[in-house]
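Let's take a walk through this structure together. Keep the sequence and the 3D view handy as you read.

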Amino acid sequence: MATNRTTAEEVTFSRSPAKLSVISWNLDGLDSNNLAERTAEVVALLEKRDYTVVMLQELILPTFQYIAAKLKSKYKPVVGTHKPESTYFTVTFLRTNRVIYVDHEIVNFPGSMMDRNLLITRCRIDRVNVAICNTHLESTAAFAPQRVIQLKMCFDRCRSIPPEWNVIFGGDLNARDTEVQGKVPANMHDLWMRNGSSSSKFTWDLKYNTNKQMPGKVQPRCRFDRLFFRESVPATLTPEFFGLTGLSKVAGTNSFPSDHWGVVAFFQET
């Protein structure tokens, strides 16, 4: 199944080289198992695909420094923390030959036990205004109440962005379906629901991804990683594709690049 998914993604990329492309990926930097090899594989994929915007979660300082150094000729990093030396954090990378950075802000989540926040990066991509909202919400079932509050804060901030801006919001939301239902603003699209397929539903899929395994025979399959889109007024972008990446094991190891699949979206300028 993983091979078929990867092939479909490669075909889509080969047909759409000029589209605006976005990837969001939790790189599981807290897992030291094959971390150097896994991070190098992520960099190789990013260099091959040349994404317009790269939204990463769960980076630690060494993995961030390695990725930033490898991508410095093509990408500007926007770091989602003021203290990268002591924690894990999000980073949004902007491809400099297409994206003009405007500004960014870090919105802290009050009461977070895991130092989580929302990184909002405003930029111009070609002639289009885009606000990139990158987050990693509170983890595990025990912290569902905090996660629901954090998700509401994120949607509220998306609502507050002026209508002439496109909004791309997502990351590792750690959200169960019941935590999201009824909370998505009416003018925001869940890109998996709009442009995805059954094969791209689960992003933390321990049935196929063996980096993590839970006790028992039945392994969880969850849609933790999501991307949402709010189009500008007037409309300047149209979402056209949603898929997964990172579905092959890293050569010479028994590990995938992360315990999460990366999620990818393509947009066409209108």
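Are Tyr-75 and Phe-93 buried or exposed? Both Tyr-75 and Phe-93 turn out to be buried. Before going further, keep in mind that you're looking at a predicted model, with residues numbered from 1 along the chain.

Let's step back for the overall view. The protein chain folds into six helices and 14 strands. Its radius of gyration is 17 Å, close to the 18 Å that the globule rule gives for 270 residues, so the chain is as compact as a globular protein of that length. If you lay the C-alpha trace along its principal axes, it spans about 50 × 40 × 40 Å. Of the 270 residues, 56% count as buried. The accessible surface of the chain comes to about 11,700 Å², and carbon and sulfur atoms account for 55% of that.

How does the chain come together with itself? Take the contacts between residues at least 6 apart in sequence: 71% of these join residues at least 24 apart. The side chains give some concrete examples, and the aromatic rings are a good place to start.

Searching the whole structure turns up 10 aromatic pairs. One of them is made by Tyr-75 and Phe-93, which meet edge-to-face, with 6.5 Å from centre to centre and 90 degrees between the planes. This pair links distant parts of the chain: Tyr-75 belongs to strand β3 (residues 75-79) and Phe-93 to strand β4 (residues 89-95), 18 residues apart. The two rings have company, too, as ring pairs link Phe-64, Tyr-75, Phe-89 and Phe-93 into a cluster.

Now for another pair of rings, Phe-169 and Phe-228. Their centres are 5.8 Å apart and their planes sit at 20 degrees; planes under 30 degrees apart count as stacked, so this pair is stacked. Phe-169 is in strand β8 (residues 166-172) and Phe-228 is in strand β12 (residues 225-230), so the pair ties together parts that are 59 residues apart in sequence. As for their surroundings, Phe-169 and Phe-228 are both buried.

A ring can also have a charged neighbour. Find Lys-76 and you'll see that it lies over the face of Tyr-101, 4.7 Å from the ring centre.

That brings us to the charged side chains. How many salt bridges does a search of the whole structure find? The search finds 18. Let's look at Glu-105, which forms a salt bridge with Arg-122, the closest N and O atoms being 3.3 Å apart. Glu-105 lies in strand β5 and Arg-122 in strand β6, so this pair ties together parts that are 17 residues apart in sequence. Glu-105 also forms a salt bridge with Arg-157, and here the closest N and O atoms are 2.8 Å apart. That second pair links distant parts of the chain as well, running from Glu-105 in strand β5 to Arg-157 in helix α4 (residues 144-160), 52 residues apart.

What about the exposure of these three residues? Glu-105 has 24% relative accessibility and counts as partly exposed. Arg-157 is partly exposed too, with a relative accessible area of 27%. Arg-122 has 18% relative accessibility, and because buried means under 20%, Arg-122 counts as buried.

Loops take part in salt bridges as well. Asp-115 forms one with Lys-83, the closest N and O atoms being 3.9 Å apart. Asp-115 sits in the loop between β5 (99-108) and β6 (117-125), while Lys-83 sits in the loop between β3 and β4, so the pair ties together parts that are 32 residues apart in sequence. Asp-115 is partly exposed at 34% relative accessibility, and Lys-83 is partly exposed at 39%. Elsewhere, salt bridges link Asp-28, Asp-31, Lys-212 and Asp-259 in a network.

For a last stop, head to Gly-252, in the loop between β13 (237-245) and β14 (262-269). With 87% relative accessibility, Gly-252 counts as exposed. Its C-alpha atom is separated by 8.8 Å from that of Glu-37, although Gly-252 and Glu-37 are 215 residues apart along the chain.

Notes
Predicted model: local features only at pLDDT ≥ 70, side-chain atom pairs only at ≥ 80, totals over all residues. Heavy atoms only, no water. Phe/Tyr/Trp six-rings, centres within 6.5 Å; stacked < 30°, edge-to-face > 60°. Helix = DSSP H or I, 4+ residues; strand = E, 2+ residues; numbered from the N terminus. Buried < 20%, exposed > 50% of the residue type's maximum accessible area, 1.4 Å probe, protein only. Lys NZ or Arg CZ within 6 Å of the ring centre and 35° of its normal. Rg over C-alpha atoms; globule rule 2.2 N^0.38 Å. Contact = heavy atoms within 4.5 Å. Areas by Shrake-Rupley, 256 points an atom, 1.4 Å probe, with all protein chains shown as cover. Salt bridge = Lys/Arg side-chain N within 4 Å of Asp/Glu carboxyl O.
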